[in-house]
Amino acid sequence: MIKGLVNRIIPFSSVDGPGNRTAIFLQGCNFNCSYCHNPETINVCNNCGACVNACHYSALQFKGSDIVWDKTACSKCDECLKVCKRNSSPKAQSMTVEEVVGEIEKNKFFISGITVSGGECTLQSEFLTNLFREVKKMGLTCFMDTNGSVPLWDHQELVDVMDMAMVDIKAYNNEEHTRLTGMGNATVIENVKYLAKINKIYEIRTVIVPEVLDNYNNVDKISKLIAILNPDIRYKLIKYRQIGVRLDMINSYTPNDEIMRKLVETVNHNGCRNVVVV
C-alpha cells in the first residue's frame with residue numbers, strides 16, 4: 001500500500017495553477033531556502049515532544065513513542081510549529097493514495113484539477129505517480145509544483161501522467177543558488193529544458209529578494225532562457241514577503257513597484273511574452 005506524507009490539503013485554491021484547484025502539500029524538502037515561506041514542510045517530525053508541551057488544547061499527545069495529532073481538538077493556533085526547532089510539523093499525516101483521493105472527491109465537481117506541492121513533492125515520486133493516475137480517472141488535471149532538484153527524465157511514468165509542472169528557478173548563478181538553498185541548480189536548469197521540450201511547463205517562478213540575490217542578473221538570464229525554450233511559457237516574478245519566513249535566516253524587504261517594473265521591462269525586452277507579477 002503506497003503512502004505519502006501529507007502536510008495539508010487545501011480544498012480550493014486559485015493561485016496554484018489554472019482554475020479552481022485542490023492543493024496538496026507534501027512533507028519533506030531537500031532545499032533549505034533562506035526565504036522559505038513554509039519552513040514547517042522541510043523536515044519530518046522526530047517526535048521530540050516539544051510541540052506536545054506547547055499545545056494548549058491537548059491536540060497533540062504521545063502514543064507510545066510517536067506523537068499523534070487530534071484534528072478535532074486542534075485550534076489551528078500553530079504554537080506547535082513555532083516551538084519546533086526542526087522545521088517540521090507534528091500535523092503531517094501518512095495517507096494512502098485512496099485516502100487523498102477521498103478528500104479530492106468531496107469537491108471534485110467544483111475544481112478543475114489538483115496541484116501537488118511541498119516541501120518538494122517529487123521526493124515522493126512513487127506516491128505522486130499513483131495519485132495522479134487515480135485523479136486522472138476522475139477527469140481532473142494534475143499539476144505539480146517543484147523546485148526542479150530531482151531529475152525528472154529518470155521518472156518517466158510520473159512525467160507521462162502529469163499534465164504540467166510549475167518550476168522554481170531560485171537563482172541562475174549556481175554559487176548563489178547553493179548559498180540560498182544548500183544545493184546547486186544544474187539539475188533545475190536541465191529539468192526546465194527537458195520539460196519545455198515536451199511542452200509540460202505551465203510556469204517558471206523567481207522570488208525577488210532585495211539585498212540577498214542579484215535579482216537583475218537572475219531575471220535577465222532566466223528570461224533569456226525562457227525566450228529560447230518557448231517565449232510563451234509564463235514567467236512569474238514573486239515579491240519577497242516576510243510572512244512565514246525565518247527572520248533569523250534572512251534580512252530583506254518587499255521590493256517596490258519600481259523595482260518590479262524594471263524587471264518586467266527586462267523580461268519583455270528579452271523576448272518573453274507572458275510575465276506575471278505577484
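## Report on a predicted single-chain model

Lys239 is found in strand S10, which covers residues 234-239. The model that contains this residue is a predicted one. With a relative accessible area of 16%, Lys239 is buried, because the limit for that class is under 20%. Apart from neighbours within four places in sequence, Lys239 is in contact with Ile208, Thr254, Pro255, Asp257, Met260, Val277 and Val278.

A second basic residue, Arg205, is found in strand S9. Arg205 counts as buried at 8% relative accessibility. When residues up to four places away in sequence are not counted, Arg205 touches Asp145, Met166, Val167, Asp168, Ile169, Tyr235, Lys236 and Ile238.

### Overall architecture

The chain holds 9 helices and 11 strands. A compact globule of 278 residues would have a radius of gyration near 19 Å, and the chain, at 19 Å, agrees with this. Along the principal axes, the C-alpha trace spans about 60 × 45 × 30 Å. Of the 278 residues, 50% count as buried. Among contacts in the chain with a separation of 6 or more, 68% are accounted for by residues 24 or more positions apart.

The exposed area of the chain is about 13300 Å², of which carbon and sulfur atoms supply 50%. The chain carries 31 positive and 31 negative charges, and the mean positions of these two sets are 2 Å apart.

### Aromatic pairs

The structure holds 2 aromatic pairs. In one of them, the ring centres of Phe143 and Tyr202 are 5.4 Å apart and the ring planes stand at 70°, so the pair is edge-to-face. This pair links distant parts of the chain, with Phe143 in strand S7 (residues 141-146) and Tyr202 in strand S9 (residues 201-208), 59 residues apart. Phe143 counts as buried at 6% relative accessibility, while Tyr202 counts as partly exposed at 22%.

Trp153 and Tyr194 also form an edge-to-face pair, because their ring centres are 6.2 Å apart and their planes lie at 80°. Trp153 lies in the loop between S7 and helix H5 (156-161) and Tyr194 in helix H7 (residues 186-197), so the pair ties together parts that are 41 residues apart in sequence. Trp153, at 36% relative accessibility, counts as partly exposed; Tyr194, at 18%, counts as buried.

### Backbone features in loops

The peptide bond from Gly118 to Gly119 is cis, with omega near 15°. Gly119 is found in the loop between strand S6 (113-117) and helix H4 (125-136).

Positive phi values in residues other than glycine occur at Asn47 and at Asn87. Their settings are set out below.

| Residue | Phi | Loop | Relative accessible area |
|---|---|---|---|
| Asn47 | near 60° | between strand S2 (21-26) and helix H1 (50-54) | 24%, partly exposed |
| Asn87 | about 55° | between helix H2 (79-83) and strand S5 (93-96) | 21%, partly exposed |

Asn47 counts as partly exposed at 24%, and Asn87 counts as partly exposed at 21%, because the partly exposed class lies between the buried limit of under 20% and the exposed limit of over 50%.

Technical notes
Residues are numbered from 1 along each chain as its sequence is written. This is a predicted model: local features need pLDDT of at least 70, side-chain atom pairs count only at pLDDT 80 or more; totals for chains, interfaces and linings use all residues. Side-chain values use heavy atoms; hydrogens and water are left out. Helices (H or I, at least four residues) and strands (E, at least two) are DSSP runs, numbered from the N terminus. The radius of gyration is taken over C-alpha atoms; the globule rule is 2.2 Å times the number of residues to the power 0.38. Buried means under 20% relative accessible area, exposed over 50%, partly exposed in between (1.4 Å probe, protein chains only). Contact means heavy atoms within 4.5 Å. Accessible areas come from the Shrake-Rupley method with a 1.4 Å probe; for residues, only the protein chains shown count as cover. Lys and Arg count as positive and Asp and Glu as negative; His and the chain ends are not counted. The place of a charge is taken as NZ of Lys, CZ of Arg, CG of Asp or CD of Glu. Rings of Phe, Tyr and Trp (its six-membered ring) pair if their centres lie within 6.5 Å; planes under 30 degrees apart count as stacked, over 60 as edge-to-face and the rest as tilted.
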